[in-house]
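Got your viewer ready? Load the model, and we'll walk from the whole fold down to single side chains.

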Amino acid sequence: MNKKIKAFITLTKPTITLLVVVSGAAGVILEGSYTSNPILFLTILFMLALAAGSANGLNQYFERERDTNMSRTRNRRPLPKGELTPNEALIFSVAIGFVSVVTFAVAFNWLSAVLTFVTILFYSTFYTLYLKPRTPYNIVIGGAAGAMGPLIGWAAVTGSLTWTPWILFAIIFFWTPPHFWALAICLQEDYRIAKLPMMPNVVGEAKTWRKMTFYLYITYLFSLLLFAYDSGWIYLIGAIGMGGLFLYRFNRGKRLMQVSETWKVFGYSIMYLMILFTFIIIDKGIIG
């Protein structure tokens, strides 16, 4: 693969983008109208990928100087590595975001376009430039941007929103703090050097773990609540099992408070969300 193309792909944060796409796909599949129209279905997913990539790219553009001071980002992101110029990153990120918003407006409806535009703007500017350097609750508030996939997907199909996509939103929203704070515990020195008020740096590890516990149990409850609205038994069994494993892994990390175990919590959190939403897709694909 061409190095420049690879750098642009890296700029979009492919793992995060994939989570947004999978969660959006789950919302569209739960709604059901477009499952028999693969072109429209795939168009929604591709536009979600562009929107997420735009927000992530702009986030890195604005944080390019800070990223050079953090070991985790200095050797992994294309801007501090010099693989892309700031102008290249900015133009690319704005362009794919523009395509996403316009496509949602023209091919679907204005609600999905507005939600997409607000999400990109919220994450790339308000979260990145204002919340992140000012409050340890930055990721709690900013996590709303990462939870928008199901809302945008549902809105693109129906032009409206019901309780079901909001439950999907809530699962991701409450999942975000235990996911991200596990990473923040492992990278406290990086965030100290970058002068970012991440929760472990502000209140300490023990209190951060206690706060994570609250959000994790709320996540679990919302994952089970979805069954009462719009999912089947395959999803419920998967949600109980994956949630139980998450709680086991989390409580082990909380008890031992070792960096190696905390990294496992972080890694499992990504797998948990991905598989949980995959169960929705499987459930509707078989039963729906």
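Buried residues make up 53% of the 288 residues in this predicted model, where buried means under 20% relative accessible area, exposed means over 50%, and partly exposed is in between (1.4 Å probe, protein chains only). Because the model is predicted, local features need pLDDT of at least 70 and side-chain atom pairs count only at pLDDT 80 or more, while totals for chains, interfaces and linings use all residues. Residues are numbered from 1 along each chain as its sequence is written, and side-chain values use heavy atoms, with hydrogens and water left out.

**Whole chain, cartoon view.** You should find 15 helices and 0 strands; these are DSSP runs numbered from the N terminus (helices are H or I, at least four residues; strands are E, at least two). The radius of gyration is 19 Å, close to the 19 Å the globule rule gives for 288 residues, so the protein is as compact as a globular protein of that length. That radius is taken over C-alpha atoms, and the rule is 2.2 Å times the number of residues to the power 0.38. Along the principal axes, the C-alpha atoms fill a box of roughly 50 × 45 × 35 Å.

**Surface on.** About 12,800 Å² is exposed, with carbon and sulfur atoms supplying 67% of it (Shrake-Rupley method, 1.4 Å probe; for residues, only the protein chains shown count as cover). Now select Trp110, Val114, Phe117, Val118 and Leu121: together they form a nonpolar surface patch with about 540 Å² of accessible area. Patch members have over 30% relative accessible area and no salt bridge; like charges are joined within 9 Å, nonpolar side chains (Val, Leu, Ile, Met, Phe, Trp, Tyr) within 5 Å. Val114 sits in helix H7 (residues 110-131) and, at 43% relative accessibility, counts as partly exposed.

**Stay on H7, show rings.** Which kind of aromatic pair do Tyr123 and Tyr127 form? They are stacked, 5.2 Å centre to centre with 15° between the planes. Rings of Phe, Tyr and Trp (its six-membered ring) pair if their centres lie within 6.5 Å; planes under 30 degrees apart count as stacked, over 60 as edge-to-face and the rest as tilted. Tyr123 and Tyr127 are 4 residues apart in H7, about one helical turn. Tyr123 is buried at 16% relative accessibility, and Tyr127 is buried at 2%. Phe126 and Tyr130 are also stacked, at 5.5 Å and 15°. Here Phe126 is partly exposed at 35%, as is Tyr130 at 42%.

**Next, a ring cluster.** Select Trp166, Phe169, Phe173, Phe174, Trp181, Phe214, Tyr215 and Phe222, which ring pairs link together.

**Last stop, charges.** The structure holds 9 salt bridges, each a side-chain nitrogen of Lys or Arg within 4 Å of a carboxyl oxygen of Asp or Glu. Try Glu63 and Lys132, bridged at 3.0 Å, N to O. This pair links distant parts of the chain, 69 residues apart: Glu63 is in the loop between helix H3 (38-62) and helix H4 (64-67), Lys132 in the loop between H7 and helix H8 (138-146). Both Glu63 and Lys132 are buried. Then pick Asp67 and Arg77, whose closest N and O atoms are 3.1 Å apart; Asp67 is buried, and so is Arg77.

Finish on helix H15 (residues 259-286), where Glu261 and Lys264 are 3 residues apart and meet in a salt bridge at 3.4 Å, N to O. Glu261 is buried at 5% relative accessibility, whereas Lys264 is partly exposed at 43%. Add Arg249 and Arg252 to the selection: salt bridges that share partners join them with Glu261 and Lys264 into one network.
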